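Student: Please take one part of this model and go through it closely. I would like a connected account rather than a list.

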Amino acid sequence: MSAYVGRLSAIVRKDLVLELRSRERVASMAAFAVLAGVLFNYSIDTTRVRPQDVAAGLVWMTLVFDGLLGVGRTFHIEAQDGAMQGILTSPTPKDAVYLAKVIANFVLLYSVALLVLGVFALFFALDVSTNLGWVLLVLALGSLGFVALATLFAAISTGTSMAETLLPILVFPLLVPMVVFGVGSTGRLIAGRPFSEVEGNVRMLGAFAVGAVAAGAVLFRYVVEE
Amino acid sequence: MTGIRRGAVALTLLGLAGLVALFWLSFFWVSTEVTQGVVQRIFYVHVPAAWTAFLAIGISALCSAVYLWLRDERLDRAALAAAEGGLVFATIVLTTGPLWGKIAWGTYWTWEPRLTLTLLLWFIFAGYFMVRNATEDPDKGKRFAAVVAIVGALDIPFIHVSVLWFRSLHPQPVVAKVEGPTLPGDMLATLFFGLGTFTLLFFGLFLFRYAVEGLRTRAELRTRTSAA
């Protein structure tokens with residue numbers, strides 16, 4: 001068990017250190033988030049629609065697109081110089097490789113989610129302070145569910161000739177529950193409604209995340225086998 | 001192989017005969033619904049096609065899961081055949097639904113849960129074929145497609161609940177209810193006849209597709225051995 005955790009955390013550490021040093025993905029994702037906020041501002045007629053009313057949807061759509069941008073490149077570095085073979089021939093179980101990738105991607109996406117929330121709160125004058133704890137929880141569950149599915153399908157799309165262009169086609173239909181439950185709860189929490197009103201949404205979001213991680217951990221070995 | 005082909009011919013002929021009878025029943029025999037009028041008759045094609053599309057993703061996911069476990073090529077062929085049938089029947093649902101909706105709701109498309117769910121199911125099937133065809137190594141494509149079918153089938157209940165969260169315009173279920181069906185006898189009979197017909201037709205086409213895929217594999221093997 002401790003060997004399992006040790007190997008898993010070695011991959012997590014490797015990915016996070018690489019990201020910290022190169023800042024390749026996190027920088028582009030952060031820039032994407034801020035620029036998406038700017039474009040959204042000009043895509044809404046603010047004399048007709050209050051930005052606060054649609055902000056939750058904008059936050060989630062930014063997360064989805066930004067997440068694809070970052071998570072799609074999960075296996076990019078391994079695709080070079082046969083590094084994937086190295087990891088797969090190491091004694092690390094395949095599900096540990098998957099979970100490590102999910103954890104590293106989660107850290108990345110959740111940091112970007114916090115940035116998105118902060119930037120959009122600033123841009124669209126959102127008052128997130130009333131339910132901040134719950135909003136952070138909802139974003140965490142959503143990011144986890146997203147990362148769990150997207151990591152599995154990133155491994156698939158990397159192995160095809162279509163590469164990143166295939167990822168949205170595979171992932172978007174499956175992400176509908178995450179967007180429905182995520183936007184449903186975030187919107188009402190930002191509007192200052194009590195948590196009890198969105199509890200069902202949050203529970204479903206949690207179930208979705210747990211199911212996605214479990215399915216990914218079981219199925220990942222069939223994606224990367226040689 | 002000949003047994004499968006014979007079964008395919010028998011089931012398909014039976015299904016096609018049933019289809020003719022179903023059209024006769026739904027155009028001439030069954031009584032016209034009071035509030036919706038004639039347009040309601042599309043229901044006897046729409047609902048059976050929807051049932052078949054969801055049956056297809058179930059079969060495809062099940063065969064895919066067992067394929068990943070046993071690695072029997074026949075299971076992959078069955079999953080492929082089911083997915084292709086599912087794509088066809090989902091297309092029928094997505095055509096008949098909006099046609100009915102234009103008259104009954106006044107609009108071709110609404111974000112109605114069951115319609116949305118079928119559209120997403122269609123895209124899951126489409127993804128299945130795109131993944132399959134985008135790999136150089138066919139075995140890899142089979143594994144990838146199997147994972148897509150399994151995750152898609154597992155996600156369907158979640159999608160169903162989530163799209164229901166939005167208020168529904170779709171007619172409420174008239175058959176699968178706790179207190180028993182509320183549909184009049186002749187309508188219920190026509191619907192069940194339609195369900196049977198579409199299921200037969202699906203399995204007929206399924207077996208045909210399965211046999212064709214088997215022949216294709218054999219032909220490929222032959223060209224490879226004669227080339228070597």
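Tutor: Of the 226 residues in chain A, 46% are buried. The model is predicted, and the burial figure is computed from it. Chain A contains nine helices and zero strands, and its pattern along the sequence reads α-α-α-α-α-α-α-α-α. Along the principal axes, the C-alpha atoms of chain A occupy a box of roughly 60 × 35 × 30 Å. The radius of gyration of chain A is 18 Å, which agrees with the value near 17 Å for a compact globule of 226 residues. As for the contacts in chain A between residues at least 6 apart in sequence, 82% link residues at least 24 apart.

One position in chain A can be placed against this background. A:E197 sits in the loop between α8 (167-190) and α9 (199-224) of chain A. A:E197 counts as partly exposed because it has 13 C-beta neighbours inside 10 Å; the exposed class stops at 12 or fewer, and the buried class starts at 20 or more. A:F120 is 77 residues away from A:E197 along the chain, and their C-alpha atoms are 23 Å apart.

The part to look at closely is the side of chain B that touches chain A. The contact draws 22 residues from chain A and 27 residues from chain B. On the chain B side, α4 (113-133) and α5 (138-164) each contribute at least two residues. The most comes from α5(B), with 16 residues. Sorted by class, this side of chain B has 19 nonpolar residues, four polar and four charged.

These two helices of chain B also pack against each other. Two packed helices are described by the angle between their axes and the distance between the axes. For α4(B) and α5(B), the axes come within 9 Å and cross at roughly 170 degrees. Angles over 145 degrees count as roughly antiparallel, so α4(B) and α5(B) are roughly antiparallel to each other. On α4(B), the residues making the contact include B:L117, B:L120, B:I124, B:Y128 and B:V131. From α5(B), the participants include B:F144, B:V148, B:I159, B:V163 and B:L164. Glycines take part as well, among them B:G127 of α4(B) and B:G141 and B:G152 of α5(B). By class, the residues of this helix-helix contact divide into 13 nonpolar, six polar and one charged.

Technical notes: Residues numbered from 1 in each chain as written. Chains lettered and ligands numbered in written order. Predicted model: local features only at pLDDT ≥ 70, side-chain atom pairs only at ≥ 80, totals over all residues. Helix = DSSP H or I, 4+ residues; strand = E, 2+ residues; numbered from the N terminus. Contact = placed C-beta atoms within 7 Å. Nonpolar A, V, L, I, M, F, W, Y, C, P; charged D, E, K, R; others polar. Axes fitted to C-alpha atoms, helices over the stretch in contact; angles between N-to-C directions. Parallel < 35°, antiparallel > 145°, perpendicular 65-115°, else oblique. Rg over C-alpha atoms; globule rule 2.2 N^0.38 Å.
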